Each structure stands twice: as structure tokens, then as C-alpha cells.
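Hello,

Here is the structure I promised to pass on to you. Have a look at it first, and then read on for what turned up in it.

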Amino acid sequence: MAHKKRIILSIDGGGVRGLIPLRILESLESRMAHRGTAAPMHACFDLMCGTSTGGLIAAALAAPKPGGHKGEAAATISDLRHFYETEARDIFMHSLGKRLSRMVLNPFGLFDESYDARPLERLLKERFGWTSMASALTRLVLTAYDIEQRKAVFMTNGLEQNGSRPDDYYFWQAVRATTAAPSFFEPARIENLTRRREEALVDGGVFMNDPAIAAYLEARKLGWASEDIMILSLGTGRAPQQPFPYQEAIGWGAVGWMQPSKGVPILAIFSDGQSQTASYQAEHLFGEMGTAQYIRINGDIPADAEAMDNARPGNIMALNGAADRIIKDNTVLLDEIAAMLCDRLERGADGSATANLEDAA
């Protein structure tokens, strides 16, 4: 008897560039509908994993909608597209008064975060309410880093290595944590509901911008056989034509490497380097294992579209253009993935909350 295929979705970090993997998911949704299959994303994947903006997408598609119908997710693909194309401007924006006050208190902008986290927190509370990750509609993993305990944190509703239940967190706070990119937002102070303590977390992109390997390991903790696992890893675009010139970099010093006006070079390099390394390692590791199937979809973006916080209309147009090209370049592959998802659903792996979570228990 054949085992059920376990399909995992992994999404990189990248700020507003999260629009790119979202558009890829939108394309998959459309292709599935064309085949006569309409299903929410949480029903299509046994596990969703994300870092930073990828964590926001995964959580929104996996969390139950407060006050919604049974099995209704906190957000649809359409809702999330509206967020990236419109609402993100309110998050990545300073009021004139705030700009002036910061200039007086901090004239060079070197010792303060770029953005006030309150607009983001308000939006997250509205979208997720006070539901916790234990109530997710499918398995979920979000990455973050605890700056006080100095350890990587994988917020999940799966299992620990010893088979015990993991620590639980409110959804909105978990998303706030995984998107707390240093220099852009203050660290997130969130509640660990299991241990009844507060933790100080920052964006998981500081150590794992591409969480595909973490997703695989979490799946193995659930007892899923390697040969039954398929990982769909979505990137947020790469900007190979956006260099950091040597003659400029040698004069930056500690402040220059973190300066927002330069695109926070150290964070851009960390996240880009880790994503490249993780995808390379995953491709070769799973290829040599000959068991788990690994599919990576990513592509180039314009040089000036790399900034994680550029939510201006012109840049959103550029990112949509890049997404169109990536989708076009992967037409056959996306058709195959859509067919795989449809087949999975039609065979009875319906991905409902109860079925998914009971299968993994």
C-alpha cells in the first residue's frame, strides 16, 4: 500500500518581496481551479514553513479566521496580495511629524529602528485575533531568534524531538517575532503560553532566511518518511545586478554596514547568502539521498527592487513584473505541481485540520 505523499511549503524571508512567492501561490491556485479543484492553501500542504515575510504568508494561510467558519483561514491569497500591494505602505512609512522628531532626537538615524511596529501589530491583531498556533489548520513552522537566551527558535504546532508537544504562542505575536528584522523593527516581546514567560525574539532571517531544511527536519520529527516528502521552496527573488562596491564598503565601518539608506548591507548579504547556501545544500542533499523530492522556484529581480521595505507603487509594479517572468519561466513546472496538488486532494488527502493533525499525531 502506497504511503500518502507529504507536501511541504517553504517560503523565504524578504519583506515586501514576499509578493513574489505569493504570486506563485496565486498561480497554483488558479491552475488548480482550471482543473476543477478549489481548496484553501492549508488543505493543499501538510506543513507550511516560513521565515519573516514567508512566515507571515504561511501563518495567514494556516491560522483559523477569528469568528470565521470551520476551516476558514485568517487570509486568502487575494487578501494577502492586497496586503503587499496596498497595506504594506502603511507599515513601511513614516509620518512627517515622526520623521522630524527622529531627526531632532537622532539626526543621523543610526541608533533607532526604521519603522514603528505599532501599525504592523495592529494589523496582525485584526487578522489573527488571539488564537494560538495550537489551533492551526495544518502543520506550521515559523523561525525566530531569542536574543536573551541566545538560541534559534522554531515556533510550531508539530512535535519536539522527544515526541512532546512544542511551546505554544499567539499567532499574531509569532508573526510579529518572525518579521522583527533588526534595524527595521524593534525586537518582539511575546508570550510563551506553555512556559508562561515572555521572550524577546527577532526575525529568523538572521540565521535562516530559507527555512527548507528546517521544514524537512520538522517533518521528520512528525514521523513522516523521507521518501514520502515533497518540498516546494519559494524564494523572494535575487538581485545579482545589485553589488556592494568594494571602494564604498571599505569605508563603511560598523555604522555603514547597518545603515538603512544603503539597504542595510549586512542584513541583505546575510539573507541572500543564507538563501543561496540553503537552496544549494538542499538540492544536493536531497538529490544524493534519492528520497525526498525538492523543488525550488526563485528568479531575478531588478537591482533597485531588493530593498525589503520599498512598498512604493513603482516598486510593487516591478515586483509584479518579476513575478510574471518567474511564473512564465516555470509554466510547465507549475502545471505539474498543480496537478500533483489536485491529485493529492482527489485521492482523499483532503488536508482538513482534523485529518492533517491526526495523521501526524
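**Salt bridges and aromatic pairs**

Let me begin at the surface: with a relative accessible area of 68%, Arg 347 is exposed. Its side chain forms a salt bridge with Asp 343, and the closest N and O atoms are 2.8 Å apart. Asp 343 itself counts as partly exposed, at 33% relative accessibility. Please keep in mind that this is a predicted model.

Before more detail, here is the overall picture. The chain has 361 residues, and 52% of them count as buried. Its secondary structure consists of 14 helices and eight strands. About 16500 Å² of the chain is exposed, with carbon and sulfur atoms supplying 53% of that area. Among contacts in the chain with a separation of 6 or more, 74% are between residues 24 or more positions apart.

Now back to the charged side chains. Searching the whole structure gives 20 salt bridges, and Arg 23 is a good residue to click on next. What is the side chain of Arg 23 paired with at 3.1 Å, N to O? The partner is Glu 26, and the two side chains meet in a salt bridge. Both residues sit in helix α1 (residues 19-34), three residues apart, which means that about one helical turn separates them. Is Arg 23 buried or exposed? Arg 23 is buried, with a relative accessible area of 10%, whereas Glu 26 counts as partly exposed at 23%. The cut-off for buried is under 20% relative accessible area, so Arg 23 falls within it and Glu 26 does not.

Arg 23 also forms a salt bridge with Asp 324, where the closest N and O atoms are 2.6 Å apart. Because Arg 23 belongs to helix α1 and Asp 324 to helix α12 (residues 313-329), this pair ties together parts that are 301 residues apart in sequence. Asp 324 is partly exposed, with a relative accessible area of 41%. If you colour the charged residues, you can look for a network of salt bridges that links Arg 23, Glu 26, Arg 81, Glu 85 and Asp 324.

On to the rings. The structure holds 14 aromatic pairs. One of them joins Tyr 115 and Phe 185: the ring centres are 6.2 Å apart and the planes are at 45°, so the pair is tilted. Which parts of the chain does this pair tie together? Tyr 115 lies in the loop between α5 (96-105) and α6 (118-128), and Phe 185 in the loop between α7 (171-178) and β5 (188-192), so the parts it connects are 70 residues apart in sequence. Tyr 115 counts as buried at 10% relative accessibility, and Phe 185 is buried with a relative accessible area of 4%.

Another tilted aromatic pair is formed by Phe 286 and Tyr 294, with 5.8 Å from centre to centre and 35° between the planes. Phe 286 and Tyr 294 are both buried. Returning to the earlier pair, Tyr 115 and Phe 185 form one aromatic cluster with Phe 92 and Phe 184.

If you would like two places to start in the viewer, try the salt-bridge network that includes Arg 23 and Asp 324, and then the aromatic cluster that includes Tyr 115 and Phe 185.

Best wishes

Methods. Residues are numbered from 1 along each chain as its sequence is written. This is a predicted model: local features need pLDDT of at least 70, side-chain atom pairs count only at pLDDT 80 or more; totals for chains, interfaces and linings use all residues. Side-chain values use heavy atoms; hydrogens and water are left out. Rings of Phe, Tyr and Trp (its six-membered ring) pair if their centres lie within 6.5 Å; planes under 30 degrees apart count as stacked, over 60 as edge-to-face and the rest as tilted. Helices (H or I, at least four residues) and strands (E, at least two) are DSSP runs, numbered from the N terminus. Buried means under 20% relative accessible area, exposed over 50%, partly exposed in between (1.4 Å probe, protein chains only). Contact means heavy atoms within 4.5 Å. Accessible areas come from the Shrake-Rupley method with a 1.4 Å probe; for residues, only the protein chains shown count as cover. A salt bridge is a side-chain nitrogen of Lys or Arg within 4 Å of a carboxyl oxygen of Asp or Glu.
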